[in-house]
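Here are a few exercises to work through with the model open. Try each one yourself before reading the solution.

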Amino acid sequence: MEVPSSTYLVFDCPGQVELYTHHKSAKNLLDRLHKDYRLCAVHLIDSHYCSEPAKYISALLLSLKAMLHLELPHVNILSKLDLVEQYGKLPFKLDFFTEVQDLRYLLMTLEESTAWFSRFKKFNEAICQLIEDYGIVSFLPMSVQDPKLIGNVMNAIDKANGYGFMALTPGNEGIFQTAAKAGSGYGELDVRDIQEEVIGTGETE
């Protein structure tokens with residue numbers, strides 16, 4: 001099937017994570033598509049995982065494995081942000097989770113939650129250290145109730161898959177100027193403001 005060059009295709013893939021972390025079927029398909037299309041993987045993680053340290057660490061590890069396995073430009077998203085505190089108050093502010101900051105604090109919270117986790121202290125430390133050593137996992141917040149967040153995510157995806165660079169031609173503007181225009185608004189959103197607008201102050205003692 002011949003598709004016009006300006007067409008933007010979205011493949012909504014099943015949520016069976018093994019397809020993107022271990023099995024070769026999805027990667028083989030993407031490798032074939034990559035010959036004709038500029039691809040970008042968009043990985044959605046429910047933001048309620050942030051309310052429990054163990055689930056958040058699992059989400060980080062899953063995101064990292066998918067990034068390494070698929071070998072594509074990757075945008076990780078914390079979705080359903082407007083519903084996050086229905087599952088409990090966040091132990092840290094939102095930017096801790098979007099920027100994947102010092103995970104030692106998360107480990108301390110994990111060990112305080114139940115004695116069961118303290119039995120696996122070294123194992124949990126090794127997982128967090130692995131994630132921090134790669135240093136490639138971060139998240140963009142998104143809520144379908146907030147047009148600014150949706151626009152921010154769209155701009156990030158346009159940059160990742162090269163759609164924002166379609167106007168770039170020899171003798172045209174520099175690549176960084178083009179990127180700046182294509183991503184207008186991306187990076188301008190302050191996660192701290194987002195927290196106050198969408199989920200409250202999130203102050204913890």
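**Exercise 1.** Find what glycine 162 does just after α8, then work back along the helix to its N-terminal end.

*Solution.* Start at glycine 162: just after α8, this residue takes a positive phi of about 85 degrees. A quick word on ground rules: this is a predicted model, in which local features need pLDDT of at least 70 and side-chain atom pairs count only at pLDDT 80 or more, while totals for chains, interfaces and linings use all residues. Residues are numbered from 1 along each chain as its sequence is written, and side-chain values use heavy atoms, with hydrogens and water left out.

Next, take the helix itself (helices are DSSP runs of H or I with at least four residues, strands are runs of E with at least two, both numbered from the N terminus). α8 covers residues 147-161, and its 15 residues reach 21 Å from first C-alpha to last, close to the 21 Å expected at 1.5 Å a residue; that expected span is 1.5 Å times one less than the number of residues.

Finally, look at the N-terminal end: aspartate 146 caps α8, with a side-chain oxygen 2.9 Å from the backbone nitrogen of lysine 148.

**Exercise 2.** Which residues have the most contacts inside the largest nonpolar core?

*Solution.* First, the term: a nonpolar core is a set of buried Ala, Val, Leu, Ile, Met, Phe, Trp, Tyr and Cys residues joined through side-chain atoms within 4.5 Å. Buried means under 20% relative accessible area, exposed over 50%, and partly exposed in between (1.4 Å probe, protein chains only).

The largest core has 24 residues, and Tyr56, Leu60, Phe97, Val100, Leu103, Leu106 and Phe139 have the most contacts inside it. Helices α3, α4, α5 and α7 each supply at least two of its residues, with α3 giving the largest share, six.

**Exercise 3.** How far apart in sequence are the parts that aspartate 46 and lysine 80 tie together?

*Solution.* Begin with the bond: the two side chains, aspartate 46 and lysine 80, meet in a salt bridge at 3.5 Å, N to O. (That takes a side-chain nitrogen of Lys or Arg within 4 Å of a carboxyl oxygen of Asp or Glu.)

Now place the partners. Aspartate 46 sits in strand β1 and lysine 80 in the loop between β2 and α4, so the pair ties together parts 34 residues apart in sequence. Aspartate 46 is partly exposed at 23% relative accessibility, and lysine 80 is partly exposed at 45%.

Methods. A polar contact is a pair of N or O atoms within 3.5 Å; within protein, one must be able to donate a hydrogen and the other to accept it, and residues adjacent in sequence count only if both atoms are side-chain atoms.
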